[in-house]
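User: Hello! Could you teach me how to read this structure, one feature at a time?

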Amino acid sequence: MNELLLVVTIAGERVALPAAAVESVVELDTLIPVPRAAPHVAGLSALRSRVLTVIDCRRSLDLGVTDCSDGIREAAVVELDGHHYALIVDQVEDVLEAQSAPAPLRAAMGAGWERASLGMVETETGPLLLVDVAAILAGGAEAKAA
Amino acid sequence: MDDLIADFVAECRDMLEALGGEIVAWEAQPDDRARLDNIFRFVHTVKGNCGFFDFPRLEALSHAAEDALADVRAGRRQPDAALVSAVLAIIDRIAEMIAAIEAGEEMPAGDDSALIDALAPGAEGHATPLAATVADGQGKATSAPRTIRLSVELLDRVMSTVSDMVLARNELARRLRESETEVIVDGAFERLSAIIAEMRDAITRTRMQRIENLFVALPRMVRDLSGELGKQVLVDIEGGDVELDREMIEMIRDPLTHIIRNAVDHGIELPAERLKAGKREIGLLCVSARQSGNQILIDIQDDGRGIDGKKLVEKAIANGVIDKAAAAQLSPREQLALIFEAGLSTAKAVTAISGRGVGMDVVRSNVERIGGIVEVDSRPGEGTRMTLRVPLTLTIIPALTVSIGNQHFAIPRSAIEEIVRANGESVTLERLGGAGVATIRGRRVPEVSLAEILGLESHVGDADRRLIVLRPAGGDVYALSVDRIHDHEELVVKPAAPAVMATGLYAGTTLADDGSPILLFDPAGLAEVGGVKLEIQERAARIAEGPANSGPRVVPVLLFHGLDGARRALRLAVVDRIEEVPLSAVRTTAGQLRVQVGDAILPLAGADGIELSGDKLRVFRLSDGVHEIGYAFREVVDFATIDNDVIHAERPGEVSGVSLINGEPAELIDAHWLFANHVGSSAQPAQPLVCRLPADDPWMQNMLRPIVEAAGYVVVGEDSETPADLVIASQGDAVGEAASAIFLRSEPEPAGKKDESIYRYDRAGLLMALKSAGRGK
């Protein structure tokens with residue numbers, strides 16, 4: 001009955017997304033930019049005749065920019081308020097079972113992580129940071145400033 | 001139990017909605033048995049159900065009303081105004097309670113005995129109708145006419161699935177095109193495709209509702225309003241069967257209500273005033289709906305006092321909406337349009353009905369939010385007409401695809417006024433303080449570059465761009481320059497994610513046929529981000545033009561090179577537009593050069609004695625308001641004005657004189673001479689031409705005759721004695737004596753080289769033959 005987690009790497013760091021929020025994992029090939037949109041919106045892509053809004057997780061967490069020029073990127077598809085998003089991550093690793101409820105992390109994190117953190121969960125591979133999908137979609141400091 | 005109550009509430013709501021109109025009709029005609037029965041049935045149903053559900057107050061109310069109505073039905077009592085009001089008051093109270101039950105609230109506390117007492121014969125009519133509550137109650141009711149009940153979410157889900165299906169089909173179609181498939185597969189796909197299209201149509205229709213749902217509540221609302229104001233208003237409703245997207249109906253409910261309230265409150269006068277003005281005591285309010293293309297037009301017309309444009313202007317100046325100089329320049333139409341400006345109300349006093357400060361500006365913004373337009377037309381003393389134009393549906397939008405660099409975007413077609421080339425004949429682009437101004441046929445239009453708005457790189461030079469003249473809902477035009485224009489497409493538009501919408505530029509996203517996502521622009525948003533001021537532009541543009549036009553001796557002309565290379569000028573006002581025609585459209589018929597433009601054949605000037613070469617010819621279409629002629633030219637040089645003296649020609653002719661324009665001499669074309677010499681000869685002859693048609697040929701009589709008559713002929717049968725100027729016959733038939741004859745064949749292709757017959761559906765050919773036959777006389 002424990003929550004399932006999708007383990008991904010963002011900016012080289014292994015983190016967990018609540019698997020229930022993730023619809024599928026896809027490989028994006030084409031990316032149509034959205035001029036003037038917040039910087040963490042990498043563009044639009046189509047998946048099975050649906051439009052996905054592609055979010056660059058690195059950018060959203062103020063951890064730099066993912067280079068999307070080299071073509072195929074791995075992404076996790078999530079839905080929020082009827083809209084579908086693809087979260088670009090470095091890599092999708094595995095699905096694990098959470099062995100604890102998320103607990104607050106008392107150590108200081110980077111500002112971006114701090115904003116998106118739901119706390120720390122224990123897994124069989126050690127503690128992982130549980131990331132709030134909605135916070136990633138909302139974007140980072142740049143989006144707020146814009 | 002909860003299910004039963006929900007059913008009861010739904011049933012009551014349906015009946016209440018249907019009753020809205022009945023009650024007013026009953027009041028106007030209390031002895032109308034059918035209406036009485038309907039109302040009786042309602043209270044009876046409510047009473048029956050209340051006993052079952054234990055709603056004692058509802059039961060007492062409905063019981064009392066039922067008793068009184070039963071007396072009327074049995075003829076023991078005559079219905080009078082007091083009784084009608086009392087019954088109405090009870091129905092209102094029932095509606096209130098049902099709304100409370102539906103919302104799951106506690107039954108509101110209160111005493112109904114006053115209402116019940118009012119029913120008694122001879123009771124004082126102190127039961128006032130509860131107008132506001134009723135309007136609200138009905139505003140919430142969104143159910144469809146009595147058929148089956150489906151949840152709205154389910155319908156939406158089906159609709160969105162079907163939209164996805166269409167997109168999936170498009171993608172499949174693309175993949176099929178790319179790969180080699182067997183004919184059988186293609187056939188099967190075609191079938192699937194057709195079925196999906198049909199299904200989409202059907203599903204779209206399920207979302208459609210008759211606008212009647214919106215209209216039923218109006219008679220009651222107007223009745224209550226006019227009663228409150230001491231006015232008499234008759235409502236005439238038309239076009240209730242027009243269908244509109246369910247969502248749209250909800251969106252226009254408030255604006256429509258507001259407009260009607262305004263019409264009753266401000267428009268229609270008190271009975272005494274109306275009599276004094278020589279009008280009928282009873283004001284007339286017409287509400288009509290009709291479909292026009294993919295738009296629905298809703299007219300709200302009253303015969304009241306109209307809107308005084310001058311008062312509006314005074315008010316607008318007083319409120320600082322516009323300044324005096326600008327106000328003086330307003331056309332009557334623009335004066336009226338001021339009522340949509342924020343903070344303007346001409347009502348002398350704020351009444352409870354309207355004029356609460358939320359004015360027509362709110363109406364306009366609400367209508368515009370759904371891609372609609374609201375227009376006003378009014379004559380003081382005669383009445384006002386408001387027209388709402390709203391799109392049929394929100395989901396499928398005809399759009400134009402354009403591109404910057406290699407990225408495609410879509411623009412809703414409804415906002416596009418025209419498309420011109422940036423280096424076109426009648427277009428000039430200028431930069432004023434960094435801002436772009438395009439002059440399109442003498443009209444100054446702010447220009448913004450899409451590439452700049454979007455911050456994209458464009459590799460197309462300014463001169464090679466296309467300008468799309470856009471008119472965002474309610475705003476004034478502006479020109480958007482894009483790299484390339486691609487295609488018209490019907491797009492299934494979906495709302496974009498909030499992060500995308502936050503840019504303010506886009507109205508949604510969609511998938512193109514090739515499966516790639518496309519962003520759909522919001523024309524108003526583009527203008528805003530591009531820094532174009534939509535509101536004040538029209539006035540400013542006109543003011544800028546005004547003095548230029550009224551200045552002495554300034555005549556705007558179009559400077560061009562004729563086919564013979566001569567530098568010439570034509571007064572701008574006579575040039576209707578510029579057309580490009582294939583050279584094959586130019587023919588010498590009946591001793592005169594003529595050009596076929598679309599369906600029309602125009603005399604052609606400017607090409608006499610000149611060898612035509614190339615495969616296209618550019619032609620000015622000149623018009624004097626009645627006749628049109630074509631004038632061939634090589635290229636347009638510029639717009640200019642004649643501000644030097646004109647040296648007049650010695651003899652009247654095509655050229656009336658010479659003047660220095662932009663420092664070089666140019667011949668001025670005498671438009672009057674052109675028309676006199678090219679049209680004058682083809683004007684209607686005094687003696688009408690006679691054409692003989694076989695009387696027994698139904699095709700000739702039904703299809704051909706109107707065309708022949710329109711060309712100025714009097715049509716006679718074979719047995720007529722009148723000598724005919726022209727005979728039209730089927731190919732191979734014998735013809736009698738006539739000045740000329742036209743033979744028609746039923747095959748598009750001629751039988752041989754000598755075959756001079758005309759294909760019977762070659763309309764242009766026919767018209768040309770008719771014209772030249774007439775000339776032969």
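User: Where do I begin, and how confident is the predictor in chain B?

Analyst: Happy to help! pLDDT is the predictor's confidence in each residue, from 0 to 100. Chain B has an average pLDDT of 76, and 85% of its residues score at least 70. This is a predicted model, where local features need pLDDT of at least 70 and side-chain atom pairs count only at pLDDT 80 or more, while totals for chains, interfaces and linings use all residues. Residues are numbered from 1 along each chain as its sequence is written, chains are lettered from A and ligands numbered from 1 in the order in which they are written, and side-chain values use heavy atoms, leaving out hydrogens and water.

User: Which elements of chain B have the lowest and the highest mean pLDDT?

Analyst: Elements are helices (H or I, at least four residues) and strands (E, at least two), taken as DSSP runs and numbered from the N terminus. Among those of chain B, helix H6 (residues 131-140) has the lowest mean, 36, and strand E15 (residues 478-482) the highest, 89. Also, pLDDT stays under 50 over residues 346-357 of chain B.

User: How many helices and strands does chain B have?

Analyst: There are 23 helices and 35 strands in chain B.

User: How do I read a single helix, say H4 of chain B?

Analyst: Compare its span with the expected one, which is 1.5 Å times one less than its number of residues. H4(B), residues 81-102, has 22 residues and reaches 31 Å from first C-alpha to last, close to the 32 Å expected. Next, check burial: buried means under 20% relative accessible area, exposed over 50%, and partly exposed in between (1.4 Å probe, protein chains only). H4(B) is mostly covered, with 17 of its 22 residues buried. After H4(B) comes B:Gly104, with a positive phi near 75°.

User: And how much of the whole of chain B is buried?

Analyst: Of the 777 residues in chain B, 46% are buried.

User: How do I read a sheet?

Analyst: Strands of a sheet pair through backbone hydrogen bonds, either parallel or antiparallel. Two strands count as paired if DSSP finds at least two bridges between them. In chain B, six strands form an open sheet with mixed pairing, in the order E21-E25-E26-E24-E23-E22. Its edge strands are E21 (575-582) and E22 (586-589) of chain B, each pairing on one side only.

User: How do strands E23 and E24 of chain B run, parallel or antiparallel?

Analyst: E23 (residues 592-597) and E24 (residues 600-605) of chain B run antiparallel, joined by four bridges. Here B:Arg594 stands opposite B:Pro603 in E24(B).

How values were computed:
Contact = heavy atoms within 4.5 Å.
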